[in-house]
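Here's a quick tour of a protein model for anyone just starting out with structures. Have a look at the picture first, then follow the bullets below.

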Amino acid sequence: GDIDCTSTYERKIVAKALSNGTARVVLYHNHPVGGSTVYSQDDLDFTLRLGNMLLLHGITIYEHFIINEYGEVYGMRANGILGELDKRQAELMRSK
């Protein structure tokens, strides 16, 4: 990673979730500088991309937390940001 970004590979997270036989995952990352818990477009894009990949295996994102340098926490699900994934999950369930 770098001061303002890091590399995370969705396939590694999916593989780990599958190998553990999990039904849900909790994601978290920090914003160590600036005190912000506001998600970036990259945070959102990554979360939705990963969420869609996980849904193909019947795994959901329970929550994605962002923690700032002061220990303040923002939850994407708690703030309604993961609704798109919930709709997709409902569609997949109906199609089975």
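Let's start with one residue: His 31 is buried, because its relative accessible area is 16% and buried means under 20%. Keep in mind that this is a predicted model. From His 31, which is found in strand E1, we can move on to the sheet, then to the helices, and then to two more buried residues.

**Around His 31**

- Who does His 31 touch, leaving out residues up to four places away in sequence? The list includes Ser 36, Thr 37, Val 38, Tyr 39 and Asp 43.
- Ile 66, Ile 67, Asn 68 and Glu 69 are also touched by His 31.
- One of those, Ile 66, stands opposite Tyr 74 in E3.

**The sheet**

- There's an open sheet of 3 strands here, in the order E1-E2-E3, and its pairing is mixed.
- Why is one side of E1 and of E3 left without a neighbour in the sheet? Strand E1 (24-31) and strand E3 (73-75) stand at the edges and have a single partner strand each, so nothing in the sheet sits on the other side.
- Going from one strand to the next, the twist averages 20 degrees.
- Strand E2 (residues 60-68) pairs with E3 in the antiparallel sense, over 3 bridges.
- Helix H2 (residues 41-55) packs on this sheet and touches E1 and E2. The direction of H2 makes about 160 degrees with that of E2.

**How H1 meets H2**

- A handy idea before the numbers: two packed helices are described by the angle between their axes and the distance between the axes.
- For helix H1 (residues 10-20) and H2, the axes come within 10 Å and cross at roughly 40 degrees.
- H1 and H2 are therefore oblique to each other, and their crossing is right-handed.
- On the H1 side, the contact uses Glu 10, Arg 11, Ile 13, Val 14 and Ala 17. Across from them in H2 you'll find Phe 46, Arg 49, Leu 50, Met 53 and Leu 54.
- Sort the residues of the H1 and H2 contact by type and you get 7 nonpolar, no polar and 3 charged.

**How H2 meets H3**

- H2 also packs with helix H3 (residues 83-95), at an angle of about 20 degrees and with the axes 10 Å apart.
- Are H2 and H3 roughly parallel or oblique to each other? They're roughly parallel, because angles under 35 degrees count that way.
- The crossing of H2 and H3 is right-handed.
- H2 brings Thr 47, Leu 48, Gly 51, Asn 52 and Leu 55 to this contact, while H3 brings Glu 84, Leu 85, Arg 88, Gln 89 and Leu 92.
- By type, the residues of the H2 and H3 contact divide into 4 nonpolar, 4 polar and 2 charged.

**Two more buried residues**

- Ala 17 belongs to helix H1, and it's buried, with a relative accessible area of 5%.
- Not counting residues up to four places away in sequence, Ala 17 touches Thr 22, Val 25, Leu 54 and Ile 59.
- How far is Ala 17 from Gly 75, C-alpha to C-alpha? These two are 20 Å apart in space and 58 residues apart in sequence.
- Thr 47 lies in helix H2 and counts as buried, at 0% relative accessibility.
- With residues up to four places away in sequence left out, Thr 47 touches Ile 61, His 64, Met 76, Leu 82 and Leu 85.

Note on methods:
Residues numbered from 1 in each chain as written. Predicted model: local features only at pLDDT ≥ 70, side-chain atom pairs only at ≥ 80, totals over all residues. Heavy atoms only, no water. Pairing = 2+ DSSP bridges. Helix = DSSP H or I, 4+ residues; strand = E, 2+ residues; numbered from the N terminus. Axes fitted to C-alpha atoms, helices over the stretch in contact; angles between N-to-C directions. Contact = heavy atoms within 4.5 Å. Parallel < 35°, antiparallel > 145°, perpendicular 65-115°, else oblique. Left-handed = near helix turned anticlockwise from the far one by under 90°. Nonpolar A, V, L, I, M, F, W, Y, C, P; charged D, E, K, R; others polar. Buried < 20%, exposed > 50% of the residue type's maximum accessible area, 1.4 Å probe, protein only.
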